[in-house]
Amino acid sequence: MNDKQHTIQAPVTVRGIGLHTGVEATMTFCPAPVGHGYKFQRVDLPGQPIVDADVDNVVDLSRGTTIEQNGARVNTVEHTLAALVGLQLDNVLIQLSGPEPPIMDGSSAEFIKALTSVGFEEQNALRNYYEIPESIRYVDNARGVEIAALPLPDYRLTVMVDYNSPVLGSQHATLDDIGKFSEEIASSRTFCFLHELEMLYKNNLIRGGDLSNAIVVVDRVVSDDELSDLAKMLGKPRVSVKKEGILNNVDLRHKNEPARHKLLDLVGDLALVGRPLKGQILAARPGHAANVAFAKKIKKKMLESRTNPVPMYDPNREPVMDINRIMQVLPHRYPFVMIDKVIHLDDQVVTAVKNVSINEPFFQGHFPGNPVMPGVLQIEGLAQTGGILVMNTVSDPENYWQYFLGIENARFRKKVLPGDTIVYHCQLLAPIKRGIAKMRGQAFVNGKVVCEAEMSAAIVRKDA
């Protein structure tokens, strides 16, 4: 899995008709900056409103996942989002000239092809993974649905489907490496059963459906008259049924293509949690309603962990900022540099690391024979970490000073000793106004809080 965030190197466009709306649209994938995430933009509407790909924006689940924000709606987003997740892209703006992404061939393959054609760009920020901390489960007994997420250091998914159909029977699909999405999952097309087809048409759905972009599973004997009626409904001169029970002689790309497509949908729907995931996902009989309900459970856990953060520190991962870059941003120098590297940085949160050594100069006079890191210097480490966050909001940090204005509710929970690694974590409490920032900071050693405080700071131009 990638450690750094990625976007695409240049815009790329696809065109086609929407599966459910039947409206033709142009969709352009555009590069986006660090921390942008996935956003749709309805360029056909006044003001060209933005719709965040967020599970809280889901408004409809009729055979697909529809999101809405700022008065703009985007239908059937899952195949598009699955392609972005499968390519491990983090920051992309998706401009859309209609209400629904093109269905293309009913899979994510054409999106993968288009995105790959323009190449990817590594960005100078680490991916903000959400690592599943403990078992998370969703169960719908009435529909026989169960989805679970288990802790795992990478992203794997397994899907089982069972439609009580003599044609499909039970199927399962597994993706043990998200990097294999393009070759193993992306080409699997959407499908429905024959008995669902008329219902979908009567409910004004699949208006863009075509036998070239959807698999229709025939699970009963169909008369010649019914086939004629189907041909008229689909606008075809004639339709037929293969002996396997697939309408119009469509060849399956995989024996378990329906199960693989359900896995594709799950990848796309879980993208709505807003962060790349690390964990094992096990799903029995999933569908969009269950996927979205499960995504909401994951996001709730994610927000809880952000409110009570215990940052994960992997010394093998490349930092966002090393000591040389830190010293370009902060004015502090020996012996007063209290952080060694920054391991996470976005517009709201920063995480930094300090390795405490017996060679620290303050140990010469602070409790000789019983060395304990002074609490005020732990606070200074939090302040310097917060300074990185504040300076990240200006384009030319070398032209600013950052001053510590105040501290409230400071608490010291445990001693910090030589050999400890402190993980500093600061989060903005409110948007920065008039150069004043208010933050909550916590310091951790071995996952335990050793120090915490609320701080305020100001950024002031050096020539002011």
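This passage describes the sheets, helices, cysteines, annotated positions and backbone features of a predicted model. Residues are numbered from 1 along each chain as its sequence is written, and side-chain values rest on heavy atoms, with hydrogens and water left out. As the model is predicted, local features need pLDDT of at least 70 and side-chain atom pairs count only at pLDDT 80 or more, whereas totals for chains, interfaces and linings use all residues.

Helices (H or I, at least four residues) and strands (E, at least two) are DSSP runs, numbered from the N terminus. Two strands are taken to pair if DSSP finds at least two bridges between them. Strands of a sheet pair through backbone hydrogen bonds, either parallel or antiparallel.

One open sheet consists of 5 strands in the order β2-β3-β9-β4-β5, with mixed pairing. Its edges are formed by β2 (12–17) and β5 (50–52), each of which pairs on one side only. From one strand to the next, the twist averages 25°; axes are lines fitted to C-alpha atoms, for helices over the stretch in contact, and angles run from 0 to 180 degrees between N-to-C directions. Strand β2 runs antiparallel to β3 (residues 24–31), and 6 bridges join the two. Within this pair, Val14 stands opposite Met27 of β3.

Two helices are associated with these strands. Helix α2 (residues 109–118) packs on the sheet and touches β2 and β3, its direction making about 165° with that of β2. Helix α1 (residues 78–86) lies across β3, β4 (38–42) and β9 (92–96), and runs at about 145° to β4. Contact here denotes heavy atoms within 4.5 Å. Helix α1 is mostly covered, 9 of its 9 residues being buried; buried means under 20% relative accessible area, exposed over 50%, and partly exposed in between (1.4 Å probe, protein chains only). The buried residues of α1 include Glu78, His79 and Thr80, and also among them are Leu84, Val85 and Gly86. After α1 comes Gln88, which has a positive phi near 55°.

A further open sheet is built from 6 strands in the order β19-β20-β22-β23-β24-β21, and its pairing is antiparallel. Strands β19 (341–345) and β21 (400–412) stand at the edges with a single partner strand each, so one side of each is left without a neighbour in the sheet. The average twist from one strand to the next is 25°. Strand β19 is joined by 4 bridges to β20 (residues 349–355), the two running antiparallel. Leu345 stands opposite Val350 in β20.

The UniProt record, an unreviewed entry, lists His288 and His366 under "active site". UniProt positions are given in the numbering used here, feature names are shortened, and annotations may be inferred rather than shown by experiment. Of this set, His288 belongs to the lining of the second largest cavity. On a 1 Å grid over the protein atoms alone, a cavity is a set of points where a 1.4 Å probe fits but cannot get out, and lining residues have an atom within 4 Å of a point. His288 is located in helix α7 (residues 288–307) and counts as buried because its relative accessibility is 12%. When neighbours within four places in sequence are left aside, His288 is in contact with Leu61, Arg63, Gly64, Thr65, Glu78, Asp265 and Asp269. Of these contacts, Glu78 is a buried residue of α1.

The structure holds 0 disulfides, a disulfide being a pair of cysteine sulfur atoms within 2.5 Å. Cys426 is in no disulfide, and the nearest cysteine sulfur, that of Cys451, is 9.7 Å away. Cys426 is buried, since its relative accessibility is 0%. Cys30 is also buried, with a relative accessible area of 11%.

Several backbone features occur in loops. Tyr334 and Pro335 are joined by a cis peptide bond with omega of about 5°, and Pro335 is placed in the loop between α8 (323–329) and β19. Gln48, a residue other than glycine, has a positive phi near 45°. Gln48 lies in the loop between β4 and β5 and is partly exposed, its relative accessible area being 38%. Asn446 likewise has a positive phi, of about 55°, although it is not a glycine. The loop between β23 (436–445) and β24 (448–461) contains Asn446, which is exposed at a relative accessible area of 74%.

How values were computed
1 Å grid on protein atoms, 1.4 Å probe; cavity = no way out; pocket = protein on both sides within 12 Å on 5 of 7 lines; lining within 4 Å.
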